[in-house]
Amino acid sequence: MSFSIRQGTPDISNEQREQMLNIITKNTIEYRIHEWVSNFTANVPRILGSKGVASLQSKLDKIPAIIVGSGPTLDWNIRQLQPLQDRACIIACDSAAKAMIKLGIIPHIILTTDSKARVAHFFSDTDVSKL
C-alpha cells in the first residue's frame, strides 16, 4: 500500500499535508538519530581527509550530468547510458548503480543516503573493482 502526500493532493488539505510531514520528520529523526550520529562519527576521518565536493566543480565545469534513479524508467532506458559514459558525468543512486554495474555501465559518482545497515552490504554481490 502506498500513498502520496504531495502538494496539491486532492485527498488532503495543505494543512493536513504539513502535519503529516512534520510527524514523519519527527519520527524519522527520533528513530534514526543514533544511526546518523554513529555513521557520521565513524566517517569523520574520511570526511576530514577528503577534498569534498567543492573540488569537483572545476573538474565538472561545462560537462553535462545525468542523474540516474531507480524505477521503471531505468529499466526502459538503462542501455542508453552506455554510449554517454564518456560524454557526461553519470551520477547514480546506489540501487541504480548496482543495476548499471551489472551491465558494465560504471557511474562516475554513486550516492547513498540511507543509514540502514542493509545498505552497507548493498554491493556485497557486485564487482566494484572498477569503481
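## Contacts around L74

Two residues are said to be in contact when heavy atoms of one lie within 4.5 Å of heavy atoms of the other. In this predicted model, and leaving out residues up to four places away in sequence, L74 touches V68, G69, L81, A96 and A99. L74 also belongs to the largest nonpolar core, as do V68, L81 and A96 among the residues just named.

## Overall organisation

The protein chain holds 5 helices and 3 strands, and these elements follow one another along the sequence in the pattern α-α-β-α-β-α-β-α. Of the 131 residues in the protein chain, 19% are buried. When contacts between residues at least 6 apart in sequence are considered, 41% of them join residues that are at least 24 apart.

## The paired strands and their crossover

Strand β1, which covers residues 65-68, pairs with strand β2, which covers residues 89-93, and the pairing is parallel and runs over 4 bridges. Within this pairing, A65 has C89 of β2 as its bridge partner. Between the two strands the chain passes through helix α3, residues 72-77, and the resulting β-α-β crossover is right-handed.

The loops on either side of this unit can be described through two exposed residues. K62 sits in the loop between α2, residues 57-60, and β1, and although K62 is not a glycine, its phi is positive, near 70°. K62 counts as exposed because its relative accessible area is 79%, which is over the 50% cut-off. R79 lies in the loop between α3 and β2 and is likewise exposed, with a relative accessibility of 60%. The C-alpha atom of R79 is 8.4 Å from that of I105, although 26 residues separate R79 and I105 in sequence.

## The nonpolar core and helix α4

In soluble globular proteins, nonpolar side chains tend to be buried together. Here the largest nonpolar core consists of 10 residues, namely V68, L74, I78, L81, I90, A92, A96, A97, M100 and I105. The elements that give two or more residues to this core are β2 and α4, the latter covering residues 94-102, and α4 gives the most, with 3 residues.

Helix α4 has several buried positions, which are D94, A96, A97, K98, M100 and I101, so that the buried set includes D94 and K98 together with residues of the core such as A96, A97 and M100. Just after α4, G104 takes a positive phi of about 80°.

## Three buried residues and their partners

Which residues does D94 touch, apart from those up to four places away in sequence? D94, which is found in helix α4, touches I110, L111, T112, V119, F122 and F123. Its relative accessibility is 13%, and D94 therefore counts as buried, since buried means under 20%.

T126 lies in the segment after α5 and is buried at 11% relative accessibility. Not counting residues up to four places away in sequence, T126 touches K98 and I101, and both K98 and I101 are themselves buried residues of α4. The C-alpha atoms of T126 and K102 are separated by 7.4 Å, while T126 and K102 stand 24 residues apart along the chain.

R32 is placed in helix α1, which spans residues 14-49, and with a relative accessibility of 13% R32 counts as buried. Once neighbours within four places in sequence are left aside, R32 is in contact with S115 and K116.

## The largest pocket

Rolling a probe the size of a water molecule over the atoms shows where empty space is left. In this model the largest pocket holds about 660 Å³ of space. The pocket is lined by 24 residues, and those closest to its centre are N43, I109, I110, L111 and T112.

The elements that give two or more residues to this lining are α1, β3, which covers residues 109-111, and α5, which covers residues 117-120. Helix α1 supplies the largest share, with 5 residues. Among the residues closest to the centre of the pocket, I110, L111 and T112 are also contacts of the buried residue D94.

How values were computed:
Residues numbered from 1 in each chain as written. Heavy atoms only, no water. Pairing = 2+ DSSP bridges. Right-handed = clockwise from strand over helix to strand, strands pointing away. Core = buried A, V, L, I, M, F, W, Y, C linked by side-chain atoms within 4.5 Å. Buried < 20%, exposed > 50% of the residue type's maximum accessible area, 1.4 Å probe, protein only. 1 Å grid on protein atoms, 1.4 Å probe; cavity = no way out; pocket = protein on both sides within 12 Å on 5 of 7 lines; lining within 4 Å. Points joined across faces, edges and corners; volume = space filled by probe spheres on them.
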